[in-house]
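Trainee: I'm new to this one. Can we walk through it together?

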Amino acid sequence: MEMTKRPRRLRGSMTLRKMVRETRMDKASLMYPMFVMDGENKVEEIPSMEGQYRYTVDRMGECLQELLDTGVTSVMLFGIPAVKDEVGSQAYDDNGIVQRALRYAKEHFPQMYLVTDVCMCEYTSHGHCGVLCDHDVDNDKTLELLAKTAVSHAKAGAQMVAPSDMMDGRVAAIREALDEAGFTNVPIMSYAVKYASAFYGPFRDAAGSAPAFGDRKTYQMDFHNSREGIKEALLDEEEGADIIMVKPAMSYLDMVAKVREQVTTPIACYSVSGEYAMVKAAAKMGWIDEERIICEMAVSAYRAGADIYITYYAKELAKCMDEGKIG
Ligand code: PBG
C-alpha cells in the first residue's frame with residue numbers, strides 16, 4: 001500500500017495525542033453559575049438539577065470554598081428573592097439578595113471573581129425579563145431598571161455584570177450608567193446571542209422564574225436564525241460589550257464558531273440547565289458515562305471558539321483538567 005499520509009500516525013499513543021491536541025483549555029476559563037436565595041441557614045437541592053443547590057447567604061461559603069478547592073475561580077450569581085413584584089424592585093435594591101451575597105463573598109472569599117446575572121425575571125411577579133406594557137415587555141422602560149440593577153451590583157462588589165434580558169440597547173444603557181457611577185472598569189459580559197430555548201426549563205424551576213403567561217419569544221431569539229445572532233453580537237460589541245456570550249451551548253456551537261469570526265471580544269459559551277439535567281438523568285439511568293460526556297461537551301465548546309465556559313459542571317471539569325483527561 002503506497003500511502004504517505006496516514007492520519008493514524010499521530011494517534012499512536014496518549015503522549016503523542018496530547019502533544020498534538022488542537023484545543024487547549026484552562027481552569028481559569030471555567031465559570032460556575034450559582035443560586036443564592038433569601039432566608040437563613042438553608043441549602044436546598046434543585047429537584048430538576050440533581051447535585052445543584054440554592055444557598056442562603058450564610059451558607060454560600062460552603063459552595064465557594066469547594067469551588068476554590070478545585071481551582072474554579074469565578075462564579076456567576078443568580079438571586080432568588082423572597083418577594084417579587086410587578087417591577088422587580090428586589091433586583092435593584094441595594095439590600096437585595098444578590099447585593100448581600102456579593103458583600104459576603106467579597107469579604108470572605110476575596111480570591112473569587114464575582115460576576116452577576118443582570119435580569120428581571122427572577123424578581124418580577126409575572127416572571128418576564130422586564131416591566132410590562134399591556135402583555136409585552138416594554139423595552140425602553142426596562143433599560144433604566146437594568147442599568148440601576150447593574151450599578152447596584154457593582155456597588156455591592158460585582159466585578160463583572162452579565163445582562164441576560166435581551167432588551168435592545170441594554171449594553172449601552174448599562175455601560176453609561178456604570179461609567180457615570182464611577183465603575184468604568186467593570187466589564188460587561190453580554191448574553192448577546194441568546195435563544196428562546198426549552199433548554200432553560202430546569203433553571204426556571206430553580207429560580208421560580210417561569211413566565212406567568214406567554215413566553216420569551218418577543219425578546220429572546222428564534223432558534224431558526226443565525227445571521228440575526230451575528231447582528232446581536234455586532235450590536236453589543238459596538239455598544240461596548242467586553243465579552244460576548246452564546247447561549248445555550250450544545251445545540252448552538254455553530255453560533256460560537258460564526259460569532260468567533262465576527263467579533264474581537266472573548267466569547268463565552270453557557271451550557272445551560274437543560275443540558276445539565278439531560279446528562280444527569282441519563283447518567284443516573286446508567287445509559288451514558290457522565291464524566292466522558294461532560295468532557296466531550298466542554299471540549300467541543302472550546303473547539304468551536306469559546307474562551308470562557310459557563311457550566312454547572314465546573315468543579316468536575318476542573319478535576320478532569322487536573323487529571324489530564326482534557327485540556
Ligand atoms: C435570566 C436567565 C435565564 C438563564 C440565565 N439567565 C433564564 C431565562 O432566560 O429564561 C438560563 C440559565 C440556564 O438555563 O441554566 N433571564
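Trainee: Which helix is Ile230 found in?
Mentor: Ile230 is in helix α7, residues 227-239. Helices here are DSSP runs of H or I with at least four residues, strands are runs of E with at least two, and both are numbered from the N terminus. This is a predicted model, where local features need pLDDT of at least 70, side-chain atom pairs count only at pLDDT 80 or more, and totals for chains, interfaces and linings use all residues. Residues are numbered from 1 along each chain as its sequence is written.

Trainee: Why does Ile230 count as partly exposed?
Mentor: Because Ile230 has 18 C-beta neighbours inside 10 Å. With C-beta atoms placed from the backbone, 20 or more others within 10 Å means buried, 12 or fewer means exposed, and in between is partly exposed.

Trainee: What is Ile230 in contact with?
Mentor: Lys258, Val259 and Gln262, leaving aside neighbours within four places in sequence. Contact means that C-beta atoms, placed from the backbone, lie within 7 Å.

Trainee: Val259 is in α8, right? Which residues of α8 are buried?
Mentor: In helix α8 (residues 253-262), they are Met255, Val256 and Val259. They cover an arc of only 105 degrees around the axis, so they sit on the same side of α8. That arc is taken from the directions from the helix axis to the C-beta atoms.

Trainee: What about the other side of α8?
Mentor: Asp254 and Glu261 are exposed there.

Trainee: And what covers the buried residues of α8?
Mentor: The cover includes β9 (189-194), α7, β10 (243-247), β11 (267-271) and α10 (290-304).

Trainee: New topic. How many residues of strand β5 are buried?
Mentor: Five of the six in β5 (residues 113-118), so β5 is largely enclosed by the rest of the structure.

Trainee: Which strands pair with it?
Mentor: Strand β4 (residues 74-80) pairs with β5 in the parallel sense over four bridges. The chain gets from β4 to β5 through helix α3 (residues 97-108), in a right-handed β-α-β crossover. Right-handed means that, with the strands pointing away from the viewer, the path from the first strand over the helix to the second runs clockwise. Strand β8 (residues 160-163) also runs parallel to β5, joined by four bridges. Pairing takes at least two DSSP bridges between the strands.

Trainee: What stands opposite Thr116?
Mentor: Leu77 stands opposite Thr116 of β5, and so does Val161 in β8.

Trainee: Last one. What surrounds the ligand?
Mentor: Among them are Asp117, Cys119, Ser164, Tyr200 and Arg204. The shell has six nonpolar, two polar and three charged residues.

Conventions:
A residue is near a molecule or strand if its C-beta atom, placed from the backbone, lies within 6 Å of it. Ala, Val, Leu, Ile, Met, Phe, Trp, Tyr, Cys and Pro count as nonpolar, Asp, Glu, Lys and Arg as charged, and the others, Gly among them, as polar. Two residues are in contact if their C-beta atoms, placed from the backbone, lie within 7 Å.
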